[in-house]
Amino acid sequence: MGIVDRYNKYIKKFRVPILVFWIIILVLGITYGFNFFDKTENVFEPPEYTDGYKAQQVLEQVFPERANSTSLIIIIKSNNNNSVLNPEVQNYTFALIEKLNNFENSQIIKGIYSYYGLQAINQSDVAKSFVSENLTSTLIIVIYETENKDVEEDFIEYVEDTAFEIHLNEEEYSVYLTGLAVMDRDFSTAIVDNLKRMDSFILPIALIVLAIVIRRLKLMILPLISIAISIFTTFLILYGFTYIYTILSFAPSIVMSLVIAISIDYSLFLLTRYREEVEKGKDNFTAVSLMNEHSGHTILVSGLTLAVCFLGLMFFPVNAIASLGLSAGITVVVTLVTNLTFTPAALLTFGKFFYNEKYIKKIEQKLEKIKNNGKNKKIKENIKDARKKLNWVTITKFSQKYAVPIILLILVIAVPISVNVMKMELSLENKHLLPRNSQTWAAYAILEEDFDAGQLLPYYLIIQTNETNGVRNPTFFENSQKIIANLSLETKLTNESITGISWLNGQAIPWFYASILLNPSSSDSNSDLYKQMWTNYATSDNSSALFEIITPFDPQGKEALDWVKHTRKLLKDFEKEFGYEIYLAGGAIFWIDSLEVTTNLFPYMILTVILIVYVLIVIMFGSFFIPLRLLITIGLTLSWIFGLAVLVFEQNVLDWLFPNVLRGVNSLYWIVPIITFSIVLGLGLDYDIFLLSRISEYRKKGYSDRSAIIKGVEKTGTIITAAGIIMAIAFSGLLISSEMILNQVGFILCISVLVDTFFIRTILVPAIMSLAQKWNWWPKKMPEVTKEEIN
């Protein structure tokens with residue numbers, strides 16, 4: 001007994017326990033699965049061997065309060081471009097500071113800094129950096145430290161409520177709140193909103209398309225239940241993983257889109273085959289068995305391949321990519337198992353409901369009537385005449401007849417777009433993550449325009465002398481000032497960008513003056529402030545010093561990437577010159593190192609996936625040519641779509657059409673190509689394997705290569721087209737989201753599915769296969785041709 005036969009018998013034997021099992025899992029998923037949303041995070045951790053990880057370890061050991069603290073930034077902006085240096089804003093500032101200090105867990109607040117607060121202690125030079133050059137906006141920065149997420153959420157809510165409750169002329173001023181924690185909150189909220197849109201808008205449309213193709217409303221019950229089981233089971237499993245693994249906040253959106261797309265896709269493949277076998281007069285068990293043998297086998301191979309692509313991302317040493325690989329991989333496996341067990345078990349258990357005998361008898365009567373009708377010949381002629389009209393048979397014949405021109409035409413269209421892949425630039429900018437038109441989006445824009453964008457993510461320069469009092473001497477002051485001056489000269493920093501024990505307000509602090517300020521009996525008015533500063537910027541044994549760097553450019557933008565690379569090179573030279581250990585931490589160091597590691601490993605990932613796919617397809621079809629052709633066509637789809645993405649998101653060719661969506665965006669977010677590569681590859685395999693399975697099936701039945709291709713496309717063309725449309729609908733939920741990262745993922749997936757469906761799989765693949773003929777199956781030998789050639 002073959003594997004498929006045994007599988008069918010097991011499904012029949014244990015069909016009730018299978019259904020009970022899935023019902024229990026569904027209930028557990030509904031009960032606990034929603035907790036998954038609260039456990040996701042936006043925490044990026046680079047590999048341990050990177051410079052950023054080592055620097056962060058030093059920062060946490062030497063300056064733990066800096067490593068563990070974060071900030072909230074309150075921006076007061078004049079709506080009429082008037083000056084914010086007036087009594088009303090001053091009163092607002094002091095009232096806000098007073099109320100913030102009354103927070104029930106006020107011990108988490110480590111400092112509140114503002115223009116008026118610094119002016120009050122005679123620090124006018126420092127205060128200047130808290131007001132924009134045109135005096136139309138001012139900052140209030142709240143530094144806090146807590147590891148308790150609940151306390152942090154309460155504090156952010158308290159700051160937000162307080163900032164908007166205190167009276168300030170709303171016609172004259174606008175108040176904004178931003179900070180990494182606020183950004184994370186707004187991003188997570190937007191993700192939930194996206195999921196609601198998918199549930200209420202995208203899913204019903206996808207199901208309507210599926211119902212049109214299946215043409216039996218009773219069968220539609222199965223996809224609905226399969227989707228529910230897949231979604232809640234995936235959320236339940238991922239919720240368990242959050243206790244041992246960090247999963248990113250936008251994973252739920254990716255999971256939801258994948259489940260809708262893949263589950264409906266698999267249901268379409270299975271149920272159309274089941275319906276086809278039923279209409280041929282097969283009994284229920286035979287129809288289910290043939291469904292599993294053909295469509296089940298197809299989705300098993302494509303699903304496992306897609307799961308391997310995703311789970312392979314877990315081997316990336318970057319947690320952001322690994323967590324998405326885990327989430328997507330589990331999604332595919334759960335959806336695959338659900339469709340291969342629940343669907344056949346339900347069909348076999350409720351056979352009388354789904355397998356309507358009246359419907360079958362009606363079909364049998366029609367078949368018998370056609371068979372016995374004296375006008376049988378005329379009916380056949382009418383069928384042939386119908387085929388001559390615009391349908392899949394006609395399209396396939398056209399592709400075969402003009403195979404070479406079609407291939408050349410597609411290449412002429414695709415290649416000029418594909419070459420833009422070489423111009424792809426990846427970015428870490430926060431704009432890709434912030435919900436458009438949100439408070440954090442507006443605040444970030446003001447911060448970039450009116451102040452140094454680095455206020456949000458300061459970098460830290462740590463200099464370790466490895467000697468007690470190694471930083472409390474004239475030699476260190478001289479050397480550190482030389483380092484800072486060179487950094488300002490050689491990179492895009494300004495003198496005002498750096499603050500530390502030997503450098504303040506853009507100027508070097510002479511050692512003799514610093515020693516006077518540090519003297520316990522000093523009567524200098526700046527002594528107390530400098531001593532406090534020394535406590536914050538030097539270790540207790542005076543062996544290490546920290547310098548804060550506020551970049552005048554986006555700390556996560558392209559300039560930051562170049563700046564970090566150049567700065568690290570300079571710091572290595574300084575280490576050799578002065579004998580210090582110097583580290584660059586904070587800022588976007590984690591992201592930058594993750595991007596570098598990802599960029600270096602991505603080509604190896606592509607090669608590994610290609611090798612795995614090639615081997616799997618060789619095993620499935622026994623051919624060396626088919627997987628080669630498959631990889632070439634999928635490679636064309638990938639390069640075509642990524643080239644188009646570069647034109648849209650980097651070269652801004654559609655800015656005129658979507659100005660509110662694409663404004664200010666000139667790059668792809670760094671993680672987008674990796675996510676979409678695996679999905680596009682998997683979906684391309686899905687359709688290709690489905691088509692090839694039918695072509696192979698007809699070729700083994702004795703049809704010629706040409707006729708098998710025609711029959712295969714005829715049987716799968718409508719299904720693949722419907723599947724592609726459903727996929728595009730499912731992924732369009734990402735297109736209408738408010739986060740650019742999801743827009744980019746949605747754009748690449750939607751367009752790739754449509755291109756693959758309407759051009760690659762139904763036109764280009766038949767054209768190539770018609771040219772290859774018997775070489776399609778090499779070295780495998782196919783049976784002799786016994787069927788009549790299709791003309």
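## Strand β10 and its partner β7

Let's start with a single pairing: I498 has I549 of β10 as its bridge partner. This is a predicted model, and a good way into it is to follow β10 outwards from that pair. T499 is bridged to β10 as well, with E548 as its partner. In total, two bridges join β7 to β10, which spans residues 544-549, and the two strands run antiparallel.

How much of β10 is covered? Six of its six residues are buried, so this strand is mostly covered. The cover is found on both faces: S544, L546 and E548 are buried on one side, while A545, F547 and I549 are buried on the other. I549 and E548, the partners of I498 and T499, therefore belong to opposite faces of β10, both of them covered.

## The sheet around β10

On to the wider sheet. β10 also pairs with β6, again in the antiparallel sense, and here there are six bridges. Within that pairing, I462 stands opposite L546 of β10. The whole arrangement is an open sheet of four strands, ordered β7-β10-β6-β11 and paired antiparallel. Because β7 (498-499) and β11 (581-586) stand at the edges with a single partner strand each, one side of each has no neighbour in the sheet.

Two helices pack on this sheet. Helix α4, residues 51-62, touches β6 (459-464), β10 and β11, and its direction makes about 95° with that of β11. Helix α24, residues 558-578, touches β6, β10 and β11 too, but its direction makes about 160° with that of β11.

## A second four-stranded sheet

Another open sheet has four strands in the order β2-β3-β1-β4, and its pairing is antiparallel. Its edge strands are β2 (109-114) and β4 (173-178), each of which pairs on one side only. From one strand to the next, the twist averages 15°. β2 is joined by five bridges to β3, residues 137-145, and these two run antiparallel. One of the residue pairs to look for there is G111, whose bridge partner in β3 is I143.

Helices pack here as well. Helix α6 (residues 87-100) lies across β1 (69-78), β2, β3 and β4, running at about 180° to β2. Helix α20 (residues 439-450) touches β1, β3 and β4, and its direction makes about 100° with that of β4.

## Aromatic rings and charges

Which kinds of ring contact turn up? The count of aromatic pairs comes to 28. F21 and W22 form one that is edge-to-face, at 5.1 Å centre to centre and with 65° between the planes. The two residues differ in burial: F21 has a relative accessible area of 44%, so it is partly exposed, whereas W22 has 7% and is therefore buried. The F36 and F37 rings give a tilted pair, because their centres are 6.1 Å apart and their planes meet at 50°.

F36 is buried, with a relative accessible area of 0%. Ring pairs also place F36 in a cluster with F34, F37, F232 and F235.

Two charged side chains sit over rings, and both may interest you if you look at cation-ring geometry. The charged end of K39 is over the ring of Y243, 4.2 Å from its centre. R66 lies over the face of Y537, at 4.6 Å from the ring centre.

## The chain as a whole

Stepping back, the chain contains 30 helices and 12 strands. Its C-alpha atoms fill a box of roughly 120 × 50 × 50 Å along the principal axes. Of its 791 residues, 57% count as buried.

Where do the contacts come from in terms of sequence separation? Among contacts with a separation of 6 or more, 82% are accounted for by residues 24 or more positions apart. As for the surface, the chain exposes about 34300 Å², and carbon and sulfur atoms supply 59% of that area.

Methods:
Residues are numbered from 1 along each chain as its sequence is written. This is a predicted model: local features need pLDDT of at least 70, side-chain atom pairs count only at pLDDT 80 or more; totals for chains, interfaces and linings use all residues. Side-chain values use heavy atoms; hydrogens and water are left out. Two strands pair if DSSP finds at least two bridges between them. Contact means heavy atoms within 4.5 Å. Axes are lines fitted to C-alpha atoms, for helices over the stretch in contact, and angles run from 0 to 180 degrees between N-to-C directions. Rings of Phe, Tyr and Trp (its six-membered ring) pair if their centres lie within 6.5 Å; planes under 30 degrees apart count as stacked, over 60 as edge-to-face and the rest as tilted. Buried means under 20% relative accessible area, exposed over 50%, partly exposed in between (1.4 Å probe, protein chains only). A charge sits over a ring if NZ of Lys or CZ of Arg is within 6 Å of the ring centre and within 35 degrees of the ring normal. Accessible areas come from the Shrake-Rupley method with a 1.4 Å probe; for residues, only the protein chains shown count as cover.
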